Amino acid sequence: MPDSSLPVARGRVHDAVAEARSVQPAWYRSGVDVRVRCLGRVREALFARRLEAAETISRETGKPVGEALVAEVVTVLDMLRFAERMAPGFGRPSRFGSSSLALWRKRFTTTREPYGVMGIISPWNYPFMLPAGQVIPALVTGNAVVLKPSELTPSCGDLLLSLFAEAGLPDGVLQVVHGAGEAGAALVESDLDKVFFTGSVAAGRRVALRCAERLVPYGLELGGSDPAIVLDDADVSHAAHGIAWGRFANAGQTCVAPKRVYVAASVHDAFVVALERAVGRLRLRRPNDDTWEVGALVTPRA
């Protein structure tokens with residue numbers, strides 16, 4: 001039987017994109033100073049609500065509140081401050097002459113203009129930090145954004161939207177649409193000017209093919225198989241603790257987590273002992289225990 005949710009998702013998503021397109025020109029014309037001040041208010045709101053944000057992330061993903069606070073909330077605060085500092089200069093036109101003899105009297109000006117409406121499809125493993133890292137630069141450079149958070153972490157997408165609304169972002173400039181794969185597919189098919197997708201290789205391939213057919217620019221962040229390398233002059237204990245953190249942070253659900261370790265033969269045995277000791281000290285989440293470091297996986301299937 002055909003999936004009846006597809007037309008519903010398509011209509012809902014396309015309406016959001018159409019509204020974003022209608023308000024984007026005014027947002028761009030407001031000027032970079034207005035947009036930067038909006039980011040400053042978002043930063044202040046997020047700092048005031050930092051524990052609420054960390055608890056929301058922890059509740060939906062199962063990661064420790066402290067890890068959510070440091071790895072996601074604090075990182076987004078840094079992103080906002082960086083964008084506030086860099087955006088005014090980044091958007092300024094640059095002028096230069098030509099090094100070509102045929103064009104020696106010419107002068108050139110380069111300007112940066114927004115794409116228009118950005119579509120962002122974000123994952124569940126870092127459901128606040130990853131979409132914020134794309135939403136923030138898109139908005140401060142004058143784009144409108146339609147964000148589809150993972151269906152496993154919808155509240156984190158709503159949290160991001162609420163922070164921008166609290167900061168006075170005009171209605172419609174940032175919108176959040178919810179749903180599973182059908183909503184993501186509808187977003188890629190909609191009237192977007194650029195697509196950002198973070199997720200699996202298989203889904204990313206489908207996004208790339210559809211965008212290529214339509215000549216829509218896209219950016220992909222997909223999975224990987226990442227190595228760690230321990231050389232013979234390494235501090236073995238330091239390396240073991242770092243690799244244990246890299247593998248077990250976020251319960252191992254991190255795209256750049258080390259999936260395999262190459263160790264110089266001369267330090268192999270010492271490294272294995274140190275790694276076993278480091279992993280053995282990790283505390284798993286248990287009922288009525290707040291001193292835990294490794295949380296739950298996101299779903300029973302995972």
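**Leu103, a surface patch and ring contacts**

Me: Is Leu103 buried, partly exposed or exposed?
Reply: In this predicted model, Leu103 counts as partly exposed, because its relative accessibility is 36%, which falls between the limits of 20% for buried and 50% for exposed.

Me: Where does Leu103 lie in the chain?
Reply: Leu103 is in the loop that runs between β1 (94-97) and β2 (107-110).

Me: Which residues form a nonpolar patch with Leu103?
Reply: Leu103 forms a nonpolar surface patch with Phe96 and Phe108. Together the three have about 250 Å² of accessible area.

Me: And how accessible are the two Phe residues of that patch?
Reply: Phe96 has a relative accessible area of 40% and is therefore partly exposed. Phe108 is partly exposed as well, at 31%.

Me: Switching to aromatic pairs: how many are there?
Reply: The count is 1 aromatic pair. Its members are Phe96 and Phe108, whose ring centres are 5.7 Å apart.

Me: Why is the pair called stacked?
Reply: The planes of the two rings stand at 25 degrees, and an angle under 30 degrees counts as stacked.

Me: Which parts of the chain does the pair link?
Reply: Distant ones: Phe96 belongs to strand β1 and Phe108 to strand β2, with the two 12 residues apart.

Me: New topic. What lies over the face of Phe47?
Reply: Arg50 does, at 4.1 Å from the ring centre.

Me: And over the face of Phe90?
Reply: There, the residue is Arg112, at 4.2 Å from the centre of the Phe90 ring.

How values were computed. Residues are numbered from 1 along each chain as its sequence is written. This is a predicted model: local features need pLDDT of at least 70, side-chain atom pairs count only at pLDDT 80 or more; totals for chains, interfaces and linings use all residues. Side-chain values use heavy atoms; hydrogens and water are left out. Patches are made of residues with over 30% relative accessible area and no salt bridge: like charges are joined within 9 Å, nonpolar side chains (Val, Leu, Ile, Met, Phe, Trp, Tyr) within 5 Å. Accessible areas come from the Shrake-Rupley method with a 1.4 Å probe; for residues, only the protein chains shown count as cover. A salt bridge is a side-chain nitrogen of Lys or Arg within 4 Å of a carboxyl oxygen of Asp or Glu. Helices (H or I, at least four residues) and strands (E, at least two) are DSSP runs, numbered from the N terminus. Buried means under 20% relative accessible area, exposed over 50%, partly exposed in between (1.4 Å probe, protein chains only). Rings of Phe, Tyr and Trp (its six-membered ring) pair if their centres lie within 6.5 Å; planes under 30 degrees apart count as stacked, over 60 as edge-to-face and the rest as tilted. A charge sits over a ring if NZ of Lys or CZ of Arg is within 6 Å of the ring centre and within 35 degrees of the ring normal.
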